[in-house]
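Student: I have a structure to go through. Can we test each label against its cut-off?

Tutor: Yes. Here it is.

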Amino acid sequence: MLFILAFIILFHLAAAILLFIATIHNAWWVVSRPGVNIISDLWYTCNTTCQFIEDSHTVKAAYLQAVQATMILATILCCVSFFVFILQLFKIKQGERFILTAIIQILASLCVMIAASIYTAENKSFHKGDLQEGSFGSSYVVAWISFPMTLISGLMYLVLRKRK
């Protein structure tokens, strides 16, 4: 039982770390041509210096703001579900399920899926000019990898029962 508990905790922490990396790291969009290397994330566009994404605070960038909000919400929900799990380990009775933890974790996975889907569909509208000729970066891939990890983690909590 201790082995299963350690695996679930490590799996949850790995999903949380991936969410932090996907949200913070600046490689959602990469433009790489001879002499040009530009990286763009949810907030900045960087080559040698970083600048805010053009018009990111306007109504035209509502899709980008939705991606920012849902990725932050997913990261927060993942962390909250971990603390709820730790609390439930000590508070719930033997034989009960970790339903609240599962619901919060599944909501986190839904937020990641929404953010990555919006970014996939609307990335051309965020980027102006030369940036439209790029490709998806590593943070985008990490976001999609963290989606099934948080979903599987939530489903594990749904099935898991407290034992001695």
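Tutor: Helices are DSSP runs of H or I with at least four residues, and strands are runs of E with at least two. On that basis the protein has 4 helices and 5 strands. Along the sequence they follow the pattern α-β-β-β-β-α-α-β-α. The model is predicted.

Student: What makes strand 4 a strand, and where does its mean pLDDT stand among the elements?

Tutor: Strand 4 covers residues 50-52. A strand needs at least two residues, so this run qualifies. Its mean pLDDT is 61, the lowest among the elements, while helix 4 has the highest, 91. The protein averages 83, and 81% of the residues score at least 70.

Student: Why is Phe 136 called partly exposed?

Tutor: Its relative accessible area is 35%. Buried means under 20% and exposed means over 50%, so a value in between is partly exposed.

Student: And why does Tyr 140 count as buried?

Tutor: Tyr 140 has a relative accessible area of 9%. The limit is under 20%, so the label is buried. Of the 164 residues of the protein, 42% count as buried.

Student: How do you know that Phe 136 and Tyr 140 are stacked?

Tutor: Their rings lie 4.0 Å centre to centre, with 15° between the planes. Pairing needs centres within 6.5 Å, and stacking needs planes under 30 degrees apart, so both tests are passed.

Student: Why is the pair Trp 144 and Phe 147 called edge-to-face?

Tutor: The ring centres are 6.2 Å apart and the planes stand at 85°. The angle must be over 60 degrees for edge-to-face, so the name fits. The two residues are 3 apart in helix 4, about one helical turn. Trp 144 is partly exposed at 30%, whereas Phe 147 is buried at 18%. The whole structure holds 8 aromatic pairs. Phe 85, Phe 98 and Tyr 157 form one aromatic cluster.

Student: What makes Ile 103 eligible for the nonpolar surface patch?

Tutor: Ile 103 has 44% relative accessibility, so it counts as partly exposed. Patch residues need over 30% and no salt bridge, and Ile is on the list of nonpolar side chains. Ile 103 is in helix 3.

Student: Which helices build that patch?

Tutor: Helix 3 (99-126) and helix 4 (138-159) each supply at least two residues. Helix 3 gives the most, with 5. The patch is about 640 Å² and includes Leu 107, Ile 114 and Leu 155.

How values were computed
Residues numbered from 1 in each chain as written. Predicted model: local features only at pLDDT ≥ 70, side-chain atom pairs only at ≥ 80, totals over all residues. Heavy atoms only, no water. Patch = residues over 30% accessible without salt bridge, like charges linked within 9 Å, V, L, I, M, F, W, Y side chains within 5 Å. Areas by Shrake-Rupley, 256 points an atom, 1.4 Å probe, with all protein chains shown as cover. Salt bridge = Lys/Arg side-chain N within 4 Å of Asp/Glu carboxyl O. Buried < 20%, exposed > 50% of the residue type's maximum accessible area, 1.4 Å probe, protein only. pLDDT = per-residue confidence, 0-100. Phe/Tyr/Trp six-rings, centres within 6.5 Å; stacked < 30°, edge-to-face > 60°.
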